[in-house]
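Trainee: I'd like a close look at a single part of this model. Could you walk me through one helix and what it packs against?

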Amino acid sequence: MEFNRILKDLRLESGYTQMQLAHKANLAVSCIAMLETNKREPTAQTLISLSDALNVSVDYLLGLEDDFGARTASTHLPLNSNEYSSEEQEIIEKYRSLPKQLKKLVQDQLNVFTDNEEITLKSTKKN
């Protein structure tokens, strides 16, 4: 996910308005707005201020770390690979764009489907 989406999602999850986050991070409201709309790239100091205000790492803000602190940059699947069908690539792209709460819901649903594979297969055969 891109920085601007991560920033906005984190701000909303924290319950902050742009003005509240700007105040907490000691930044201008226009800076937050431009960062969220991808009209401005963050400086190193801006990243540090935002990570402190939102209580996340700079790596998380940049999309290099997941919710559990694991590095994600090297674990991304290559979407141009012939190893994945176009349907799989589309699913991966959509999943990556989701906020973390929705990713958790998708993971939970996948676990339900994979844990109950026999039940799922039996119910689809009946239809």
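Mentor: Let's take helix α4 and its surroundings, after a quick word on the ground rules.

This is a predicted model, so local features need pLDDT of at least 70 and side-chain atom pairs count only at pLDDT 80 or more, while totals for chains, interfaces and linings use all residues. Residues are numbered from 1 along each chain as its sequence is written, and side-chain values use heavy atoms, with hydrogens and water left out.

The protein chain has eight helices and zero strands; these are DSSP runs numbered from the N terminus, H or I of at least four residues for helices and E of at least two for strands. Helix α4 covers residues 44–54.

Start with helix α1, residues 3–14: its axis comes within 11 Å of the α4 axis, and the two cross at roughly 30°. Axes here are lines fitted to C-alpha atoms, for helices over the stretch in contact, and angles run from 0 to 180 degrees between N-to-C directions. That crossing makes α1 roughly parallel to α4 (angles under 35 degrees count as roughly parallel, over 145 as roughly antiparallel, 65 to 115 as roughly perpendicular and the rest as oblique). It's also left-handed, that is, the near helix is turned anticlockwise from the far one by less than a right angle. On the α1 side, the contact (heavy atoms within 4.5 Å) uses Phe3, Leu7, Leu10, Arg11 and Ser14, and α4 answers with Leu47, Leu50 and Leu54. By class, that's six nonpolar, one polar and one charged residues, where Ala, Val, Leu, Ile, Met, Phe, Trp, Tyr, Cys and Pro count as nonpolar, Asp, Glu, Lys and Arg as charged, and the others, Gly among them, as polar.

Now for helix α2, residues 18–25: it packs on α4 at an angle of about 110°, with the axes 8 Å apart. The pair is therefore roughly perpendicular. Leu21, Lys24 and Ala25 of α2 meet Ser49, Leu50, Ala53 and Leu54 of α4, a set of five nonpolar, one polar and one charged residues. Leu50 and Leu54 thus turn up in the contact with α1 and in the one with α2.

Finally, zoom in on serine 51, which also lies in α4. Serine 51 is buried, at 7% relative accessible area (buried means under 20%, exposed over 50%, partly exposed in between, with a 1.4 Å probe and protein chains only). Setting aside neighbours within four places in sequence, serine 51 touches Val56, Ser57, Val58 and Leu61.
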